Amino acid sequence: MMSPYAARAAIVAAAVSLVTLAALHILKPDLHPSRTMISQYALGPYGWVMALCFAAFGVASGSLAVAMVQDVRSLGGRIGIALLLTAAVGLVMAARFPMDPVSTPPAQMSHTGRMHGVAFLLGVPSMVLAVLVLSLAVGSQVSGAGWLLMTVGAVIWISLIIMIGIMLRVGPGKPPDPNGPERFVGVPNRLLMVAYAVWLTVAAWPVARW
């Protein structure tokens with residue numbers, strides 16, 4: 001049966017994503033965690049570590065979708081799995097196409113930078129919607145952990161809302177303000193991704209059957 005193996009792959013990949021993300025904070029101390037999005041770690045000599053982190057998130061998402069597909073029968077669950085696969089595509093794209101430097105004007109963005117933007121628009125909405133739909137669809141089936149799925153899912157959504165709120169306050173074309181709300185944008189960004197790795201692990205654990 002493929003499901004337990006896919007679930008184990010999801011857990012291992014989620015762990016790799018967290019380890020590599022943590023390592024980047026040590027490898028690149030010049031990037032202030034609260035002021036920068038994690039995509040900025042893709043720039044410079046340790047960019048491959050950020051690529052590995054995004055790829056691991058993508059593998060974890062795709063593996064969880066494979067692990068759950070046999071047990072999810074409801075329409076909502078099927079939609080959630082489709083969203084999870086879409087999130088996997090977006091995360092792998094983010095690994096393949098690093099962002100441009102933040103100071104790059106929109107008209108001068110490279111193909112890679114534009115594709116990173118597409119990856120963000122494809123991956124993040126699909127990711128958070130998959131978390132919501134699947135938490136509701138399978139939460140009652142995850143023995144003893146349904147409440148944890150919902151709690152971690154709530155953390156993911158709250159992080160996203162805060163991050164979007166900060167980005168809207170800053171707005172495109174506005175000059176950077178070192179004392180503005182953008183100095184906090186890295187916190188919800190990191191919390192979102194850490195919580196997503198935890199959610200993937202919690203969702204995959206009952207299927208893994210170690």
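These legends describe close-up views of a predicted model of a single chain. Residues are numbered from 1 along each chain as its sequence is written, and side-chain values use heavy atoms, without hydrogens or water. Local features need pLDDT of at least 70 and side-chain atom pairs pLDDT 80 or more, while totals for chains, interfaces and linings use all residues.

**View 1. The whole chain has six helices and zero strands.** Helices (H or I, at least four residues) and strands (E, at least two) are DSSP runs, numbered from the N terminus. The order of elements is α-α-α-α-α-α. The radius of gyration is 17 Å, close to the 17 Å from the globule rule for 210 residues, so the chain is as compact as a globular protein of that length. That radius is taken over C-alpha atoms, and the rule is 2.2 Å times the number of residues to the power 0.38. Along the principal axes, the C-alpha atoms fill a box of roughly 50 × 30 × 30 Å. Of contacts (heavy atoms within 4.5 Å) with a separation of 6 or more, 74% join residues 24 or more positions apart. About 10400 Å² is exposed, 73% of it supplied by carbon and sulfur atoms. Areas come from the Shrake-Rupley method with a 1.4 Å probe; for residues, only the protein chains shown count as cover.

**View 2. The largest nonpolar core has 60 residues.** Such a core is a set of buried Ala, Val, Leu, Ile, Met, Phe, Trp, Tyr and Cys residues joined through side-chain atoms within 4.5 Å. Buried means under 20% relative accessible area, exposed over 50%, and partly exposed in between (1.4 Å probe, protein chains only). M50, L64, L84, I156, Y196, W199 and L200 have the most contacts inside the core. Two or more residues come from each of α1 (2-27), α2 (47-68), α3 (75-96), α4 (111-138), α5 (146-170) and α6 (186-208). Helix α6 gives the largest share, 12 residues. Across the chain, 47% of the 210 residues are buried.

**View 3. L64 touches A10, L84, W199, L200, A203 and A204.** That list does not count residues up to four places away in sequence. Helix α2 is largely enclosed by the rest of the structure, because 16 of its 22 residues are buried. Its end C-alpha atoms are 32 Å apart, in agreement with the expected 32 Å at 1.5 Å a residue. The expected span is 1.5 Å times one less than the number of residues.

**View 4. S63 lies in helix α2.** S63 counts as buried, at 13% relative accessibility. Its side chain reaches the backbone oxygen of V59 at 2.8 Å. Residues up to four places away aside, S63 touches A6, A9 and A10.

**View 5. Helix α3 has buried residues covered by elements including α2, α4 and α6.** G77, G80, I81, L83, L84, A87, A88, G90, L91, M93, A94 and A95 are buried in α3. The 22 residues of α3 should span 32 Å, and the end C-alpha atoms are 32 Å apart, which agrees.

**View 6. V138 lies in helix α4.** V138 is buried, with a relative accessible area of 5%. Leaving aside neighbours within four places in sequence, V138 is in contact with M68, V72 and L149. V138 and D100 are 38 residues apart along the chain, and their C-alpha atoms are separated by 38 Å.

Technical notes:
A polar contact is a pair of N or O atoms within 3.5 Å; within protein, one must be able to donate a hydrogen and the other to accept it, and residues adjacent in sequence count only if both atoms are side-chain atoms.
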